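Open the model in a viewer and keep the sequence panel beside it. The stops below go from the whole chain to single residues.

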Amino acid sequence: MDNSRHVFAPFIVLISLILLLPIAALLYEGSNYLLSAFTSTLFIYGTLVTLLGASIAAALTLILGLPTAYAISRGLIPKPLDSVIGGLLTSPLTIPHTIVGLSLLILVSPISPIP
């Protein structure tokens with residue numbers, strides 16, 4: 001019988017507790033505030049802005065990304081331009097999302113260099 005699977009059981013239990021205990025405490029202690037938080041206008045506005053941004057990103061991906069992926073996969077792009085487009089498409093993978101998020105936050109904050 002292979003007991004190597006049981007080595008990770010304590011870690012799975014610990015991670016489950018780390019994830020589930022805050023949710024249980026929030027539901028137990030803050031159930032009154034939870035409903036009012038979800039029905040606040042700020043939450044609804046934030047959700048609508050997020051859905052709008054996700055819809056725009058999905059539409060741009062379909063409009064721009066699908067033809068580009070098709071052209072790259074079929075070899076329809078000339079060789080020198082192929083490596084440039086490949087580099088541009090993979091460059092977001094090298095920038096951490098935290099840096100982009102902080103940059104956008106500074107951009108729209110009162111200390112922004114752009115008025």
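The tour starts with the whole chain and then follows it from the N terminus.

**Whole chain.** Select everything, and bear in mind that this is a predicted model. Colour by secondary structure: the chain has 5 helices and 0 strands, and its elements run α-α-α-α-α from the N terminus on. Along the principal axes, the C-alpha atoms fill a box of roughly 60 × 60 × 30 Å. The radius of gyration is 23 Å, whereas a compact globule of 115 residues would have one near 13 Å. Now switch on the surface. Its accessible area comes to about 10,200 Å², and carbon and sulfur atoms account for 78% of that. Buried residues, those under 20% relative accessible area, make up 3% of the 115 residues.

**Before H1.** Select His-6, which lies in the segment before helix H1 (9-29). Is this residue buried or partly exposed? His-6 counts as partly exposed because its relative accessible area is 47%, a value between the cut-offs of 20% and 50%. Next, draw a distance from His-6 to Leu-17: their C-alpha atoms are separated by 18 Å, with the two positions 11 residues apart along the chain.

**Helix H1.** Select H1 and check its length. The end C-alpha atoms are 29 Å apart, which agrees with the 30 Å that 21 residues should span at 1.5 Å a residue. Then centre on Leu-20, where H1 has a kink of about 30°. The proline Pro-22 comes shortly after that kink.

**Helix H3.** Move on to residues 41-74, the 34 residues of helix H3. From the first C-alpha to the last, H3 reaches 48 Å, close to the expected 50 Å.

- Tyr-45 is found in H3. The side chain is worth showing: Tyr-45 is classed as exposed because its relative accessible area is 57%, and the cut-off is over 50%.
- From Tyr-45, measure to Ala-58, 13 residues away along the chain; the C-alpha atoms are separated by 20 Å.
- Gly-65 marks a bend in H3 of about 35°. A proline, Pro-67, follows within four residues.
- Gly-75 comes after H3, and its phi is positive, near 70°.

**Helix H5 and the nonpolar patch.** Select residues 97-107, which form helix H5, and pick out Leu-104 in it. Which residues join Leu-104 in a nonpolar surface patch? Add Ile-95, Ile-99, Val-100, Leu-102, Leu-105, Leu-107, Val-108 and Ile-114 to the selection; with Leu-104 they make a patch of about 850 Å². As background for reading any helix, residues three or four places apart point the same way because an α-helix has 3.6 residues a turn. The tour ends at this patch.

How values were computed
Residues are numbered from 1 along each chain as its sequence is written. This is a predicted model: local features need pLDDT of at least 70, side-chain atom pairs count only at pLDDT 80 or more; totals for chains, interfaces and linings use all residues. Side-chain values use heavy atoms; hydrogens and water are left out. Patches are made of residues with over 30% relative accessible area and no salt bridge: like charges are joined within 9 Å, nonpolar side chains (Val, Leu, Ile, Met, Phe, Trp, Tyr) within 5 Å. Accessible areas come from the Shrake-Rupley method with a 1.4 Å probe; for residues, only the protein chains shown count as cover. A salt bridge is a side-chain nitrogen of Lys or Arg within 4 Å of a carboxyl oxygen of Asp or Glu. Helices (H or I, at least four residues) and strands (E, at least two) are DSSP runs, numbered from the N terminus. The expected span of a helix is 1.5 Å times one less than its number of residues. The bend at a residue is the angle between axes fitted to the seven residues ending there and the seven starting there. The radius of gyration is taken over C-alpha atoms; the globule rule is 2.2 Å times the number of residues to the power 0.38. Buried means under 20% relative accessible area, exposed over 50%, partly exposed in between (1.4 Å probe, protein chains only).
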